[in-house]
Amino acid sequence: MDTRGPLCVGIDPHGSLLTAWGLGDDLASLERFTRTTVEALADRVAVLKPQSAFFERFGSRGVAVLEKAVEEARAAGALVLMDAKRGDIGSTMEAYAQTYLDKDSPLFSDAVTVSPYLGFGSLRPALDAAAVSGAGVFVLALTSNPEGAEVQRVTAADGRPLAQVMLDHIAAENRGAPVLGSVGAVVGATLGDAGVDLAVHGPLLAPGIGAQGATPADLPGVFGAAVGNVVPSVSRGVLRHGPGVAALREAAERFTAEVRTAVATAPDTR
Ligand SMILES: O=c1ccn([C@@H]2O[C@H](COP(=O)(O)O)[C@@H](O)[C@H]2O)c(=O)[nH]1
């Protein structure tokens with residue numbers, strides 16, 4: 001992030017985007033879309049975030065495209081954050097951890113998104129595997145979709161909003177880490193004011209910029225004093241500029257510049 005800027009660009013091959021790029025909704029088009037996006041951005045943005053669902057819908061061949069994208073993006077110097085949002089009982093989390101966080105796996109990624117809403121403790125295998133591999137985990141706290149609030153804002157038995165319970169767990173995982181810890185939180189850029197304590201001492205992934213309506217200028221309002229730890233994430237807002245490599249790069253550069261301005265002029269970080 002220091003050298004490339006903070007932006008995370010999502011690789012979300014929606015059927016509608018494949019069509020907009022003049023491609024079909026088929027495996028060859030998925031491969032072309034993904035290869036173009038990696039070629040355009042992996043040597044310049046800090047993080048690429050493939051959305052696993054859009055690859056899984058093509059079955060094992062789609063997953064093979066995803067594996068290649070992970071390998072090529074990492075080889076070009078981007079961190080790969082696998083947006084898989086896995087969450088299950090601990091014994092099954094163990095298998096997910098092997099899939100995304102074991103260095104010998106073809107899907108090994110620098111980090112993976114996980115859901116703590118089966119209980120934060122159920123994530124332990126992923127947290128442990130990430131620590132062993134020098135990788136990271138991004139835990140859903142307050143998601144960018146409006147429906148998330150009915151679960152995430154619920155008051156827990158001790159009076160804290162459920163999302164705050166998760167954020168406090170994340171902070172505990174990161175305690176003592178130099179600079180920032182490797183357990184991040186997902187907090188939507190769409191929230192207006194997060195209304196929770198975001199001092200988790202880890203990176204804060206902020207999806208929702210672009211197609212979901214948030215802009216870089218919204219980040220200081222949502223994240224306050226924590227805005228310097230934000231990894232803003234855009235998928236369709238960049239991808240819609242394809243299939244041209246130059247246009248994809250320009251779109252990513254524009255978002256990066258807007259984020260830098262928003263962070264530099266944020267009242268709490270000046
Ligand atoms: O709270 C969340 C967590 C993850 N996402 C994912 O990010 C991208 C957003 O895509 P856009 O095209 O920029 O809207 C997508 O893969 C989501 O699954 C999120 O939006 N919100």
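Valine 179 counts as exposed, because 6 C-beta neighbours fall inside 10 Å and a residue is called exposed at 12 or fewer. This residue sits in the loop that runs from helix H8 (162–174) to strand S6 (183–187). Its backbone deserves a look too: phi is positive, about 55°, although valine 179 is not a glycine. Please keep in mind that this is a predicted model.

Histidine 201 has a positive phi as well, about 60°, and is not a glycine either. You will find histidine 201 in the loop between S6 and strand S7 (204–209). Is histidine 201 exposed, partly exposed or buried? It is partly exposed, because 18 other C-beta atoms lie within 10 Å, and burial would call for 20 or more.

For background, most residues other than glycine have a negative phi, and most peptide bonds are trans. The backbone angles of interest are gathered here.

| Site | Angle | Value |
|---|---|---|
| Valine 179 | phi | about 55° |
| Histidine 201 | phi | about 60° |
| Glycine 134 | phi | about 70° |
| Glycine 242–proline 243 | omega | about 15° |

The last row is a cis peptide bond, joining glycine 242 to proline 243. Proline 243 belongs to the loop between helix H10 (236–239) and helix H11 (245–264). Glycine 134, for its part, comes just after helix H6.

Now to the barrel. Its 8 strands close in the order S1-S2-S3-S4-S5-S6-S7-S8, with parallel pairing. From one strand to the next, the twist averages 30°. In general, strands of a sheet pair through backbone hydrogen bonds, either parallel or antiparallel. Taking one pair as an example, S4 and S5 run in the parallel sense and share 4 bridges. Valine 112 has valine 137 of S5 as its bridge partner. H6 packs on the sheet and touches S4, S5 and S6, with its direction at about 140° to that of S5.

Which residues of H6 (residues 124–133) are buried? They are Ala126, Leu127, Ala129 and Ala130. These residues lie on the same side of H6, because they cover an arc of only 165° around the axis. An α-helix has 3.6 residues a turn, so residues three or four places apart point the same way. The buried residues of H6 pack against helix H5 (90–101), strand S4 (111–114), strand S5 (136–142), H8 and S6. H8 and S6 are also the elements on either side of the loop that holds valine 179.

Notes:
Residues are numbered from 1 along each chain as its sequence is written. This is a predicted model: local features need pLDDT of at least 70, side-chain atom pairs count only at pLDDT 80 or more; totals for chains, interfaces and linings use all residues. Helices (H or I, at least four residues) and strands (E, at least two) are DSSP runs, numbered from the N terminus. The arc is that of the directions from the helix axis to the C-beta atoms. Two residues are in contact if their C-beta atoms, placed from the backbone, lie within 7 Å. Two strands pair if DSSP finds at least two bridges between them. Axes are lines fitted to C-alpha atoms, for helices over the stretch in contact, and angles run from 0 to 180 degrees between N-to-C directions.
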